[in-house]
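Please look over the sequence and the model shown below before reading on.

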Amino acid sequence: RDRAKQVRLELMQHGWNAELYFENSSLSDTISMVPTSAHTGEGIQDLLLMVMQMSQDLLTKRIMYMPMLQCTVLEVKVIEGLGTTVDVMLVNGQLTVG
């Protein structure tokens, strides 16, 4: 939190508004800061989520749908009670339960 406040102040000195991504209510005029760690990898999934959400919001009219499934596997893990789960970034197509 202290590092985020320091970065926010530095950006404000340059005339830019910035907030942590989960506190940002106005994506159009405020920069979303996503804390990440190069050592542990923490925050990378949040960063990818923000990029995908912003792309989806800003590029919706330009996206071309194709029925053939295309995705990038981000992580495969075993969760007790659910079994093997896969986190993917969907590019094209539609995922169904089964």
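The report that follows covers the basis of the analysis, the nonpolar residues, the aromatic pair and the salt bridges.

## Basis of the analysis

This is a predicted model, in which local features need pLDDT of at least 70 and side-chain atom pairs count only at pLDDT 80 or more, while totals for chains, interfaces and linings use all residues. Residues are numbered from 1 along each chain as its sequence is written, and side-chain values use heavy atoms, with hydrogens and water left out.

## Nonpolar core and surface patch

Ala4, Leu11, Ala18, Leu20 and Met33 make up the largest nonpolar core, a core being a set of buried Ala, Val, Leu, Ile, Met, Phe, Trp, Tyr and Cys residues joined through side-chain atoms within 4.5 Å. Two or more residues of this core come from each of α1 (2-13) and β1 (18-20); helices (H or I, at least four residues) and strands (E, at least two) are DSSP runs, numbered from the N terminus. Leaving aside neighbours within four places in sequence, Ala4 is in contact (heavy atoms within 4.5 Å) with Leu20 and Met33.

On the surface, Leu27, Met54, Leu58 and Leu59 make a nonpolar patch of about 360 Å²; patches consist of residues with over 30% relative accessible area and no salt bridge, like charges being joined within 9 Å and nonpolar side chains (Val, Leu, Ile, Met, Phe, Trp, Tyr) within 5 Å. Accessible areas come from the Shrake-Rupley method with a 1.4 Å probe, and for residues only the protein chains shown count as cover. Leu59, found in the loop between α2 (44-58) and β3 (70-79), counts as partly exposed at 36% relative accessibility, where buried means under 20%, exposed over 50% and partly exposed in between (1.4 Å probe, protein chains only).

## Aromatic pair

One aromatic pair is found in the whole structure: Tyr21 and Phe22 meet edge-to-face, at 5.2 Å centre to centre and with 80° between the planes. Rings of Phe, Tyr and Trp (its six-membered ring) pair if their centres lie within 6.5 Å, with planes under 30 degrees apart counted as stacked, over 60 as edge-to-face and the rest as tilted.

## Salt bridges

There are three salt bridges, each defined as a side-chain nitrogen of Lys or Arg within 4 Å of a carboxyl oxygen of Asp or Glu. Arg8 forms one with Glu19, the closest N and O atoms being 3.1 Å apart, and this pair links helix α1 to strand β1 across 11 residues.

Glu75, Lys77 and Asp87 are linked in a salt-bridge network, with N to O distances of 3.9 Å for Glu75 and Lys77 and 3.3 Å for Asp87 and Lys77. Asp87 lies in strand β4 and Lys77 in strand β3, so this pair ties together parts that are 10 residues apart in sequence.
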